[in-house]
Amino acid sequence: MRNIMNQIFWDNEIYQWAIAIGIIAITFIAVKICKLVILKRIKIWTKKTKTTWDDFVVSLIERAIIPLLYISSIYFAVSTLKLPQKLVTTLHVAYLVCVTFFVLRIISNAFKKFIYSFIEREEDAEQKEKQAGGLIAICNFVIWILGCIFLVDNLGYNVTTLIAGLGVGGIAIALAAQAVLADLFSYFVIFFDKPFQIGDFVVVDDKSGNIEYIGIKTTRIKTLNGEQLICANKDLTDSRIHNYKRMEKRRIVFPLRVVYQTDHKVLAEIPELVKDIIENQRDVTFDRGHFSGYGDYSLNFEFVFYVLSSDYGVYMDKQQAIFLEIHAAFKEREITFAIPTRNVFMQNQENQKNEVEMSLNN
């Protein structure tokens with residue numbers, strides 16, 4: 001038996017091959033038992049918890065840690081054997097590539113999970129997750145670039161020249177793509193500062209509509225006419241934006257004008273009359289109402305009230321209901337609305353001539 005174990009096979013004795021195979025077999029069995037027993041129980045426990053981070057850790061173990069353990073067991077088992085130098089170097093490079101891949105995968109998934117867990121605590125989480133897609137893609141790209149540089153450095157290559165080359169290339173790219181980078185940085189401003197979000201109704205200069213999509217370079221707005229307006233992110237961050245979605249209530253100021261022939265008693269009752277009409281409406285708050293001045297052709301009143309909704313349709317419905325009630329109340333009390341008029345007073349020419357002659361005789 002000892003003679004058999006001492007026999008040489010591919011420059012290694014049989015017992016050395018047995019040790020390598022034993023390391024692989026024991027590791028595979030141990031990992032499999034842990035996966036079927038321990039990890040299964042942990043999964044049952046994580047389903048009972050409210051947080052999702054424990055489920056995320058379990059999924060990372062299944063998708064990254066366990067495959068890495070299998071690969072590591074094979075690599076260290078083979079490392080106990082005497083192999084040609086080229087094969088050893090190839091296996092070392094392959095192992096470093098695998099380790100780097102799974103480590104970067106863990107980092108990128110952890111970063112993605114952190115961003116999404118932060119977004120989940122806010123309102124309109126689904127829309128914000130779509131908006132965060134561009135940010136996650138850019139950060140993952142940076143993570144993988146840095147990981148590749150780290151891998152090249154561990155393989156024994158001088159990365160100083162590579163980093164210097166990337167720096168010079170980055171400057172050249174930045175100069176050639178200033179507009180793109182400006183929009184990219186504006187995207188970060190929109191994401192973190194949140195001047196508007198998907199679904200918000202905004203007015204930009206003379207254009208208005210709902211935010212439909214926020215991308216790395218452009219933002220798309222669905223206008224009231226139905227067409228899609230595509231704006232560069234930089235143009236939006238440089239503009240004055242009116243965000244009506246965040247309006248908690250709408251303030252309405254409107255005048256009422258009645259004719260000068262209106263009786264004084266009726267005139268004094270108008271503010272209280274209009275106040276009662278406004279306060280009878282639901283989701284409406286009366287602010288003030290006053291006799292505001294004497295006009296060229298009318299006696300002027302000014303009233304202010306708030307509609308407790310940011311929805312434009314609700315705002316118009318409430319305003320219409322109040323105006324109709326005012327019209328009906330004024331008609332019932334025979335109060336006349338003033339319209340632009342001009343009274344011209346004329347004298348009879350014969351009477352005017354007689355008056356002039358009498359003044360001369362005197």
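Reader: As what does C139 count at 21% relative accessibility, and how does C34 count at 38%?
Author: This is a predicted model in which local features need pLDDT of at least 70, side-chain atom pairs count only at pLDDT 80 or more, and totals for chains, interfaces and linings use all residues. Residues are numbered from 1 along each chain as its sequence is written, and side-chain values use heavy atoms, with hydrogens and water left out. Buried means under 20% relative accessible area, exposed over 50%, and partly exposed in between (1.4 Å probe, protein chains only). Because C139 is at 21% and C34 at 38%, each counts as partly exposed.

Reader: How many disulfides does the structure hold?
Author: A disulfide is a pair of cysteine sulfur atoms within 2.5 Å. By that criterion, the number of disulfides in the structure is zero.

Reader: In which helix is I29 found, and is I29 buried or exposed?
Author: I29 is found in helix α2, which covers residues 14–48 (helices, H or I of at least four residues, and strands, E of at least two, are DSSP runs numbered from the N terminus). Because its relative accessible area is 52%, this residue of α2 is classed as exposed.

Reader: How many salt bridges does the structure hold?
Author: A salt bridge is a side-chain nitrogen of Lys or Arg within 4 Å of a carboxyl oxygen of Asp or Glu. Counted in this way, the salt bridges of the structure number three.

Reader: Which residue forms a salt bridge with K217, and where does that partner lie?
Author: The closest N and O atoms of the pair are 3.0 Å apart. K217 lies in the loop between β4 (207–214) and β5 (218–223), and the pair links distant parts of the chain, 34 residues apart. At 38% relative accessibility K217 counts as partly exposed, whereas its partner is buried at 4%. That partner, in helix α7 (residues 178–193), is D183.

Reader: Why are K234 and D238 separated by about one helical turn, and in which helix do they stand?
Author: K234 and D238 form a salt bridge whose closest N and O atoms are 2.8 Å apart. K234 is partly exposed at 36% relative accessibility, and D238 is exposed at 54%. The separation is about one helical turn because the two residues are four apart in helix α8 (residues 233–238).

Reader: Which strands hold E302 and R288?
Author: E302 forms a salt bridge with R288, and the closest N and O atoms are 2.9 Å apart. The pair ties together parts that are 14 residues apart in sequence, because E302 lies in one strand and R288 in another. Both ends are partly exposed, E302 at 29% and R288 at 27%. In the order E302, then R288, the strands are β10 and β9.

Reader: Which strands stand at the edges of the open sheet?
Author: Three strands form this sheet in the order β8-β10-β9, and the pairing is antiparallel (two strands pair if DSSP finds at least two bridges between them). Each edge strand has a single partner strand, so one side of each is left without a neighbour in the sheet. The edge strands are β8 and β9 (284–294).

Reader: Over how many bridges do β8 and β10 pair?
Author: Strand β8 covers residues 250–258, and β10 covers residues 299–307. Within this pairing, I252 stands opposite F305, and the bridge partner of V253 is V304. The two strands run in the antiparallel sense, and their bridges number nine.

Reader: Which side chains of β8 point to one face and are buried?
Author: The side chains alternate along the strand. R251, V253, P255 and R257 point to the other face and are not buried. Those on the buried face are R250, I252, F254, L256 and V258.

Reader: How far apart in space, C-alpha to C-alpha, are P340 and D296?
Author: P340 is found in the loop between α10 (312–332) and α11 (349–361). At 65% relative accessibility, P340 counts as exposed. P340 and D296 are 44 residues apart in sequence, while their C-alpha distance is 8.2 Å.

Reader: What is the phi of E334 near, and what is that of K194 near?
Author: E334 is placed in the loop between α10 and α11, and at 70% relative accessibility it counts as exposed. K194 lies in the loop between α7 and β3 (201–204), and is partly exposed with a relative accessible area of 23%. Each has a positive phi in a residue other than glycine, and for both E334 and K194 phi is near 55°.
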